[in-house]
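Visitor: I am new to this structure and would like a close look at a single part. Could you take me to the place where the chains meet, and show me what lies around it?

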Amino acid sequence: MANHRFSSVSEEEPCCDISKKTKICLCVFFGLLIAVIIAVPVGILMWRHPLKEWKGKGTTAHFYEILLGRCYTYTQIVRPELGHKDCQKIGKAFTTAFLSKDPCSCTEQDYQPLLELTAQTVPCNKTLFWSKSSELAHDYTRVQGDLFTLEDTLLGYMADGLKWCGDPRSSEMNYQSCPDRREDCSNNSFSVFWNAVSKRFAEDACGVVHVVLNGSISNTFDERSTFGRVEVFNLRPEKVHQLQAWVMHDIGSVHSDSCSSSSVNNLKRILKERSIAFSCQNNYGPIRLLQCVKSPEPSSCRFYV
Amino acid sequence: MESKGGRNCTAIWEAFKVVLVKDPCSVLPSDYDRFIDLSRHSIPRDKSLFWENNHLLVTSYSENGLRFLPLCSVLYGRIGDFLSWCRQENASGLDYQSCPTSEDCENNAVDSFWKRASMQYARESSGVISVMLNGSEPSGAYPVKGFFADFEIPYFQKDKITRIEIWVMHEIGKPKVESCGEGTVKILEERLKKMGFQYSCINDHLPVKLLKCVDHSTHPDCVLNSAAASREIPPLWAEHGASHIVPLLVALASAVHM
């Protein structure tokens, strides 16, 4: 009887009396158990924080309703000649471009269907670019109803001021955060969109085009701005024969001739290389008047009587 | 615009919808009561801007509520701005072809909306009240029968208003039909005086005139003193100064003779 007990302890082969089939079942069982032990907390974590966290602000609340509403406002009231546009289709094409996709791998191709649906002819000589002068340029087109900045075209009007991005693991928009261009990635759905529409806006321009520049900053023409990087290089020399710059200075500031500054001369040189003529005016009258509305400073803003 | 957060746009729409099922000539201002209740919000002091016959100018000047907050920039005004709506006469759907005007019937959906909205806006206005009128309007700058006269002035809250400032604007290069103290403007001034309001009147209020000039920058009335100086034309030789040259030369000539 002692021999029998001792003989089982000194056993060399482990579990030798369990069949191979049982061994396999046990392994599978433990494997599944481990998988469940790992998967459940991960699943809970993912359910609670399902979307990736980025450094930038998230999708604008009520993004889709605002997008659609703006589309209708624009096509029915602002430019009723575009009343035939299908806003439902346009809204769908917009979200399809970025939903369920990695917001850091966006390409201009993603926005192609949207660009096609929102094609719009801006009349020749009516294109107005801007750089570091957003408020002033847009105040001007609001008053001077027949000039167009990008934000006065259908797609620019719809997207202005909004933020959006999706997530590959969800069909929902990420309202928590979206990639920041510098800190996360540059090929994000937001930046790619604006590059694509700016490019098209410049390609479509014809005749004499204008740009509002800020003469009160050192980089009046900034090669890293969207205007400097994208728009200037996508003007078509066969359609655009001249770019006129209106360089505005802050009201009350000492008069300077920013038209002959090195940064503006740089713009002139780039255009010359592209066979586009350039002209420049300091403190273009009508926009000067607009600046006066904002700050009616006595020395610059009184009528000559 | 400052946050009007927490508003339930769906509920506001549901409240508005009730008028869309009513007979197009039976919509009363009070039918919008629930809609106004849900969409009303306070108006910052001194920011109210009333107007007649210059909708676009007011929209441009107010800069989306940054400078002033006219009715078309408050939530309930913004909703209806530039829109028209009515139910079909003999069916339940919306009529996209035509809607009754005030000439067709008084109680139409759109007029009743603006009456109700105007009353609310006037009631919630406080501090300095600004009024922009069109002094080039042939029928008079202050319409004696109109939204301002009938649905705003009567609802001014005397205890909340410090004073009323009237701006009579004139179209650049067009005749000045009325100015402060004249015609219908005088009627308005007297009405306000009778109601016990402190008021003042300015012709062609400078900031607004500057804005009007943006579209007429080459017109003589729109030349800025800085622009004239930079053109290096000595004031004596400019248009208006020409009439002074001759007497000056004569005076000089006679001085030389002496």
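Guide: Here is a walk from the meeting of the two chains to the salt bridges and then into the sheet of chain A.

Please keep in mind that this is a predicted model. Its scores are ipTM 0.83 and pTM 0.83. For chain B the mean pLDDT is 89, with 86% of the residues at 70 or more. One stretch of chain B calls for care: over residues 232–242 pLDDT stays under 50, and the model has nine contacts for this stretch beyond four places in sequence. Where pLDDT is low, the predicted coordinates should not be read in detail.

Now to the interface itself. On the chain A side 22 residues are in contact with 24 residues of chain B. About 2100 Å² is buried between the two chains, and carbon and sulfur atoms give 68% of that area. Look for A:Val293, A:Phe303 and A:Tyr304: they supply 37% of the area that chain A buries against chain B, more than any other three residues.

Charge plays a part here too. Between chain A and chain B the count is one salt bridge. In this bridge the side chain of A:Lys294 meets that of B:Glu63, at 3.2 Å from N to O. Both residues belong to a network of salt bridges that also links A:Glu135, A:Asp139, A:Arg142 and B:Arg67.

Over all chains, a search of the whole structure finds 22 salt bridges. One of them, in chain A, joins the side chains of A:Asp146 and A:Lys126 at 3.0 Å, N to O. A:Asp146 lies in the loop between α6 and α7 of chain A, and A:Lys126 in the loop between α5 and β2 of chain A, so the pair ties together parts that are 20 residues apart in sequence. A:Asp146 is partly exposed, at 35% relative accessibility, and A:Lys126 is partly exposed at 25%.

Chain B has pairs of its own. B:Asp31 and B:Lys22 meet through their side chains at 2.8 Å, N to O. B:Asp31 is buried, with a relative accessible area of 18%, whereas B:Lys22 is partly exposed at 27%. In another pair, the side chains of B:Glu165 and B:Arg163 meet at 2.9 Å, N to O. B:Glu165 counts as buried at 13% relative accessibility, and B:Arg163 as partly exposed, with a relative accessible area of 29%.

Let us finish with the sheet in chain A. Its four strands form an open sheet in the order β2-β4-β5-β6, with parallel pairing. β2 and β6 of chain A stand at the edges with a single partner strand each, so one side of each is left without a neighbour in the sheet. On average, neighbouring strands of this sheet are turned by 20° against each other, direction ignored. β2(A) and β4(A) pair over four bridges, and A:Ser131 stands opposite A:Leu213 in β4(A). Helix α10(A) packs on the sheet, touching β4, β5 and β6 of chain A, and its direction makes about 160° with that of β6(A).

A last stop is helix α9 of chain A, residues 226–234, whose buried residues include A:Phe227, A:Val230 and A:Val232. Among the elements that cover the buried residues of α9(A) are β2, β4 and β5 of chain A, along with α8 and α10 of chain A.

Methods:
Residues are numbered from 1 along each chain as its sequence is written. Chains are lettered from A and ligands numbered from 1 in the order in which they are written. This is a predicted model: local features need pLDDT of at least 70, side-chain atom pairs count only at pLDDT 80 or more; totals for chains, interfaces and linings use all residues. Side-chain values use heavy atoms; hydrogens and water are left out. pLDDT is the predictor's confidence in each residue, from 0 to 100. Contact means heavy atoms within 4.5 Å. Buried means under 20% relative accessible area, exposed over 50%, partly exposed in between (1.4 Å probe, protein chains only). Helices (H or I, at least four residues) and strands (E, at least two) are DSSP runs, numbered from the N terminus. Two strands pair if DSSP finds at least two bridges between them. Axes are lines fitted to C-alpha atoms, for helices over the stretch in contact, and angles run from 0 to 180 degrees between N-to-C directions. Buried area is the accessible area (1.4 Å probe) that two parts lose on being put together, summed over both. A salt bridge is a side-chain nitrogen of Lys or Arg within 4 Å of a carboxyl oxygen of Asp or Glu.
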